[in-house]
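Reader: Before the terms are accepted, I should like to hear the grounds on which they rest. Please set each one against its definition.

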Amino acid sequence: MKLSPREAEGYFAKPDAGRTGLLIYGGDAMRVALKRQQVIAALLGPNGEEEMRLTRMAGGDLRKDPAQLVDAIKAVGFFPGPRVAFVEDCPELSAPAVLAALEDWEPGDAQIVVTAGQLKATSKLRKGFESHPNAYAVGIYDEPPSRAEIERMLAQAGIRDVPPEPMSVLANLARELGPGDFAQTLEKLALYKLNDAAPLSHEDIADCAPRSTEAGLDDLLNVVAEGKMEAVGPLMRRLQAQGTNPTGLCIAATRHFRTLYACASDPGGPGQGINRLRPPVYGPRRDRILGQAQTWGARRLETALTVLTDTDLALRSAGQSAPQMPLVERAMIRLAMLSRSR
């Protein structure tokens, strides 16, 4: 049988130990692995591997020894409780061995859990699980986790008091990070909040979120928008050392000043304009953007966007001979000076 993504989320949390098997497939190996870890842990409990109730095998090995999967599901364990025979990264050529084990399975045997890469609808492995009356097939797609899934991950990490705004920040972070990095961020948050009864805050998330070139880029855009000319040079050199592309830097600055312009030019004022931003902004970043939009005003932001557009055209011009990073730095200094003018 085939499970939809919504049905799969509930099943991964509370799998049925009486099922014959489960196929988890998808193009993102990390997302597939995280789901496999979740469902096996839910089936076996915390001590399943220590009690030797989990048998692992590589999918490619089943081509040479197809009987090993049948032997694994029929084996009698030393400890009571559900058992799992896990086939990792199963190729299509090993499908006959897996399908034979599905047919030989009887109540009381170990449940078969199989992971695979992206499978076509015509795949024998996929069709075998989807057509089986007591087995499930689940496709894992390259999509960020849902709010319900984030809430489950937070509860699993022991983080329960999460106000709406920090939850929205985590949802945005889940869209920006890969599944492995996001899971590690939640683990760091759990350790960071250990024995701390206070609700999760934006500052907690900022302290635990991965540091990247983007953080330095945000620092530069903020000092430019706030007129701190003395900080522009050092930040530009730091970004250049990190390998930041001048054109990418100009595009990021244009995006930032367009956001400010959208706030400042709103008919209801910057306070209403910032509420219309999509994706929404929260916490300290929201306060900072609002303050910058109020300081600049729509007229000066139009001038700033003109400066950035001219700089972008110069960077892309075939006849441009000046070094590109100094060209961008000059534009950033002009903008910082413009923010101080009245």
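The exchange below concerns the nonpolar cores and one pocket of a predicted model.

Reader: Why is the set that includes Leu220, Val224 and Phe257 called a nonpolar core?

Author: A nonpolar core requires buried residues of listed nonpolar types, joined through side-chain atoms within 4.5 Å. Leu220, Val224 and Phe257 belong to the largest such set, which has 38 residues; Met236, Leu249, Met332 and Leu335 are also among those with the most contacts inside it. At least two residues come from each of α10, α11, α12, α14 and α15, and α14 gives the most, with 10.

Reader: What makes Trp296 a contact of Val224?

Author: Contact means heavy atoms within 4.5 Å, and Val224 touches Trp296; therefore the pair has heavy atoms within that distance. Val224 also touches Val232, Phe257, Met332, Leu335, Ala336 and Ser339, with residues up to four places away in sequence left out of the list.

Reader: Which residues does the second, separate core include?

Author: That core has 26 residues, including Leu23, Cys90, Ala95 and Ala135.

Reader: How do you know that Lys35 counts as charged in the lining of the second largest pocket?

Author: Lys35 is one of the lining residues nearest the pocket's centre, together with Gln38, Glu149, Arg152 and Met153. Lys is in the charged class, so Lys35 counts there. The lining comprises 16 nonpolar, five polar and eight charged residues.

Reader: What is the volume of this second largest pocket, and which element gives the largest share of its lining?

Author: The volume is about 810 Å³. Helix α6 gives the largest share of the lining, six residues; α1, α2, β5 and α8 are also among the elements that give two or more.

How values were computed:
Residues numbered from 1 in each chain as written. Predicted model: local features only at pLDDT ≥ 70, side-chain atom pairs only at ≥ 80, totals over all residues. Heavy atoms only, no water. Buried < 20%, exposed > 50% of the residue type's maximum accessible area, 1.4 Å probe, protein only. Helix = DSSP H or I, 4+ residues; strand = E, 2+ residues; numbered from the N terminus. 1 Å grid on protein atoms, 1.4 Å probe; cavity = no way out; pocket = protein on both sides within 12 Å on 5 of 7 lines; lining within 4 Å. Points joined across faces, edges and corners; volume = space filled by probe spheres on them.
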